[in-house]
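Here is a short tour of one protein model, written with a computational chemist in mind. Take a moment to load it in your favourite viewer.

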Amino acid sequence: MSLNMINNKFKIKTTDVLFVFAYLFICLFVYSDSVQAQEVSLSISPPITELIIQPGKSYNQIFTLRNDGVPVTIGPKIFPFIPFDRQGHVELIEDKNSVDAFTSWFYFNQTPVSLGTTGSRDFNVKITPPIGAEEKDYYFTFIIEVQNENNLGINNSLAQARIGANILISVSKDGNPQKKASTIAFSAPRLIDSFSTLTYKVVIGNTGFAFFKPAGKITVDQIFGSTTILNLAPLNVLVGGAREISCIQSEEIVPCTLPGKFLIGIYRSDLNFTIDDSGTAVGKQIYTIAFPFSVFIGIAVIFIIYRII
């Protein structure tokens, strides 16, 4: 077989391969759009309602649902919940007896409705704790649930989609429920390498009778050096539970980490916060030493290798 014939066959095969790749590349975009079009994409606002209310009084809250995905049929529900962990996750209580116990607290239209793409719907929820309600906290989630029927073409797992907005209720006759906090943990490594990061762990407990947000900061003083302020994020701490508190920077929730790529010396860190930006401050102090251990280890290794050679 001549060299020209081999080259011609190679060119033909190369052209065929390129054609197949081009076809698959086009299909990737064409068919991916049709798959994505079947996604359920719901959003709800406001994501949380915080309410201090007297027994027998009423409050109206409007929740707005928006659909940016495939048309769906949705149904609203309300379930009580309890705190699940220290990261702010919750556990819904969906058994019939628990749900029925609070039926009289809420009035809203529970009829399933259809919502088209880019459509929105307002749900008006009237909240009325009965006159005999005990003075304490009650936690609920207003759930929007995608109905299985009439949603042909949607993946079954997507057809089970849910989205919720939490409702935190403090029932109080005088509107001033007792709030009390405890510092469960304020910690950081006592000794770190200068090239590592210094991150603080803050866990705040709620030993009172109503939810609250901590308002405060971590003040970090380098002995004979600069001072850095880390602001605590105003995250809700629920009754009987504890919450790991992050920091806030430029309206974003971030870890409580001291900025800087090289730390050296003694760092004194003071945690101070109040409950809902009022009352007596709660505080704790810790120390951390930063030293460039890695530099000295590196020098020692180089010296040993040099001696061996």
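The report below goes from the overall make-up to the cores and then to one arginine.

## Overall make-up

Please keep in mind that this is a predicted model. The protein has 20 strands and 4 helices. Of its 309 residues, 35% are buried.

Among contacts with a separation of 6 or more, 68% link residues 24 or more positions apart. The protein exposes about 18,700 Å², with 59% of that supplied by carbon and sulfur atoms.

## Two nonpolar cores

The largest nonpolar core holds 30 residues, and Leu 65, Ile 74, Phe 106 and Phe 142 have the most contacts inside it. Elements that give two or more residues to this core include strand 3 (59-67), strand 4 (72-83), strand 8 (120-127) and strand 9 (137-146).

Leu 65 is a good residue to click on: leaving aside neighbours within four places in sequence, its contacts include Leu 42, Ile 44, Ile 74, Leu 115, Phe 123, Ile 144 and Ile 163. Apart from this core lies another, of 27 residues, with Phe 212, Leu 232, Tyr 267 and Ile 275 among them.

## A buried arginine

Which side chain of opposite charge is nearest to Arg 243? That is Asp 85, 6.8 Å away, and the buried Arg 243 has no salt bridge. Arg 243 belongs to strand 16 (residues 242-244).

The side chain of Arg 243 does reach the backbone oxygen of Asn 236, at 2.8 Å. Not counting residues up to four places away in sequence, Arg 243 also touches Arg 86, Gln 87, Val 203 and Leu 235, among others.

Terms used. Residues are numbered from 1 along each chain as its sequence is written. This is a predicted model: local features need pLDDT of at least 70, side-chain atom pairs count only at pLDDT 80 or more; totals for chains, interfaces and linings use all residues. Side-chain values use heavy atoms; hydrogens and water are left out. Buried means under 20% relative accessible area, exposed over 50%, partly exposed in between (1.4 Å probe, protein chains only). Lys and Arg count as positive and Asp and Glu as negative; His and the chain ends are not counted. A salt bridge is a side-chain nitrogen of Lys or Arg within 4 Å of a carboxyl oxygen of Asp or Glu. A polar contact is a pair of N or O atoms within 3.5 Å; within protein, one must be able to donate a hydrogen and the other to accept it, and residues adjacent in sequence count only if both atoms are side-chain atoms. Contact means heavy atoms within 4.5 Å. A nonpolar core is a set of buried Ala, Val, Leu, Ile, Met, Phe, Trp, Tyr and Cys residues joined through side-chain atoms within 4.5 Å. Accessible areas come from the Shrake-Rupley method with a 1.4 Å probe; for residues, only the protein chains shown count as cover.
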